[in-house]
Amino acid sequence: MVTFYQSTRDKSNKKTASQAILQGLAEDGGLFVPVDFPKVDLDFEKLKNASYQEIAELVLKAFFDDFSADEIKSMVTKAYGEKFDSPEIAPLKRLGNHYILELFHGETIAFKDMALSILPHLMTQAAKKNGVTNEIVILTATSGDTGKAAMAGFADVPQTKIIVFYPKGGVSHIQEQQMLTQKGENVHVVGIDGNFDQAQTAVKEMFNNKVLHDQLLKNNKQFSSANSMNIGRLIPQVAYYIYAYAQLVKTGQITDGEKINFSVPTGNFGNILAAYYAKKLGLPVHQLICASNKNNVLTDFFKTGLYDKNREFYVTSSPSMDILVSSNLERLIFELTDENDKVTSDLLTALSVEGHYQISKEMITKLQGFVADWASEDEISKEIQETFENEKYVLDPHTAVANYVYHQIQPKEKTVVVSTASPYKFPKVVLEGLENDKTELSVNRDDFAAVKSLEKLSGIPLPKAVIGLEEAEVLHHTVIPAAEMQKEVEKYLGLK
């Protein structure tokens with residue numbers, strides 16, 4: 001039986017997995033979710049000896065069953081191989097009384113590699129499967145990491161173009177340099193004078209613009225997305241939660257069936273939603289800890305049921321979480337409404353028009369599997385410092401948020417903190433934490449000078465992604481006002 005996907009805002013809008021992956025977002029502005037959640041046999045006596053690739057195959061076959069087993073095996077083999085510097089793909093490390101799941105061993109040293117290594121294979125195979133001959137235009141807003149990982153995946157992939165918008169001044173120097181030096185004839189990187197939420201909103205508007213949609217088709221092109229709003233980006237992330245649990249069983253840290261927690265640094269809500277989907281498959285999870293930075297809109301939501309983006313936007317040391325509109329939360333809202341597409345649509349419309357919505361008491365009671373808190377800038381810096389002093393382990397600022405919130409909540413169950421980026425992605429912030437130094441010299445230090453100091457202090461070898469990055473040629477120079485994003489797309493694609 002084929003698993004179909006429906007829009008969160010119109011349940012009659014149904015697609016196969018390959019169609020949903022190709023399209024990215026639904027025509028009505030909603031996100032695709034499974035009509036019937038698949039069933040998977042999570043037998044950890046077997047899975048504890050499975051490779052990461054085997055668990056990824058298990059997950060993808062369950063959710064994307066209009067792809068053949070051979071097609072999935074081939075795509076997984078291509079995605080999770082030499083691009084990763086660890087044979088485990090997602091190694092699990094013990095840190096005091098809890099564990100760190102390292103998701104930064106891919107070629108761009110951030111967790112987005114875990115899904116974006118396979119998305120181009122899924123998308124090109126989906127195009128063949130559906131007889132699509134149009135050029136697929138990947139249109140993406142990034143808060144720092146998705147952009148580089150998506151470009152690395154799609155660079156020079158036939159029949160595709162990729163356009164990435166990022167907030168100028170709202171990402172780390174390393175993140176920006178990674179994007180601006182990306183090679184590929186089909187790659188276009190654009191900085192905007194605005195924040196990530198403005199970029200993401202404009203991208204959504206372009207997806208839902210009927211005139212632009214028709215214009216693309218006339219030019220034999222169609223949009224798709226590499227953000228976690230695309231179900232093809234989200235589902236591969238489910239695998240590493242199952243893999244982490246299997247490794248804990250394998251090493252005797254837990255017994256099969258024992259419930260654990262995951263503490264996840266959260267911005268757009270995709271990574272923690274993948275953990276929730278793993279729980280729905282039967283993974284023994286007690287609580288999902290939603291960890292936010294100063295942009296703590298999700299913390300307030302889980303504590304009160306009120307989602308309110310009408311607040312000050314902060315540029316922080318954990319830029320990938322500097323988000324006030326967490327798009328993937330819509331998928332959870334749809335579930336909380338008992339899959340009522342009208343109620344979901346009304347709530348999200350209220351967010352768009354009024355800037356906030358309040359869920360019902362009945363919906364709030366369904367959030368008991370989540371707990372949330374946040375970390376200030378000083379708390380992030382202190383967490384980096386204390387973790388290094390006590391454990392000789394270096395956290396990036398996003399992982400420090402999740403580590404800090406874990407310590408605040410102090411759950412009884414064993415907990416895995418999800419590490420989303422290498423400390424070398426944010427060397428200046430990490431070094432300031434390690435040295436507890438915010439002097440003028442430290443504040444004005446360049447990211448690449450910080451890389452050298454961090455390597456010397458921490459003893460962590462430099463990843464390939466950083467070696468030679470400072471000297472790499474900048475290939476993309478475009479910066480525009482946020483209001484001109486659609487014009488830039490039309491210009492780049494030569495639309496008339």
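This briefing describes two sheets, the helices that lie across them, and the surroundings of one threonine. The model is a predicted one. One open sheet has 5 strands with parallel pairing, another open sheet has 3 strands with antiparallel pairing, and T108, in the loop between β5 and α5, counts as buried.

**The parallel sheet**

- Read across the open sheet of 5 strands, the order is β9-β6-β7-β8-β16, and the pairing is parallel.
- The edges of this sheet are formed by β9 (221-224) and β16 (478-481), each of which pairs on one side only, and from one strand to the next the twist averages 25 degrees.
- Within the sheet, strand β7, covering residues 160-167, pairs in the parallel sense with strand β8, covering residues 187-193, and the pairing extends over 6 bridges.
- For F165, the bridge partner in β8 is V190.
- Helix α23 (residues 485-493) lies across β6 (135-141), β7, β8, β9 and β16, and its direction is at about 150 degrees to β7.

**The antiparallel sheet**

- The open sheet of 3 strands follows the order β2-β1-β3, with antiparallel pairing.
- Because β2 (10-16) and β3 (32-34) stand at the edges and each has a single partner strand, one side of each is left without a neighbour in the sheet.
- Neighbouring strands here are turned against each other by 40 degrees on average, with direction ignored.
- Strand β1, made up of residues 4-7, runs antiparallel to β3 and is joined to β3 by 3 bridges, while S7 stands opposite F32 in β3.
- Across β1, β2 and β3 lies helix α15 (residues 329-336), which runs at about 50 degrees to β3.

**The surroundings of T108**

- T108 is found in the loop that lies between β5 (98-102) and α5 (113-116).
- The relative accessibility of T108 is 0%, and because buried means under 20% relative accessible area, T108 counts as buried.
- Between the side chains of T108 and D113 there is a polar contact at 2.8 Å.
- When neighbours within four places in sequence are left aside, the residues in contact with T108 are D113, K148, A149, A152, Q178, K425 and A465.

Notes:
Residues numbered from 1 in each chain as written. Predicted model: local features only at pLDDT ≥ 70, side-chain atom pairs only at ≥ 80, totals over all residues. Heavy atoms only, no water. Pairing = 2+ DSSP bridges. Helix = DSSP H or I, 4+ residues; strand = E, 2+ residues; numbered from the N terminus. Axes fitted to C-alpha atoms, helices over the stretch in contact; angles between N-to-C directions. Contact = heavy atoms within 4.5 Å. Buried < 20%, exposed > 50% of the residue type's maximum accessible area, 1.4 Å probe, protein only. Polar contact = N/O pair within 3.5 Å; in protein donor to acceptor, adjacent residues only side chain to side chain.
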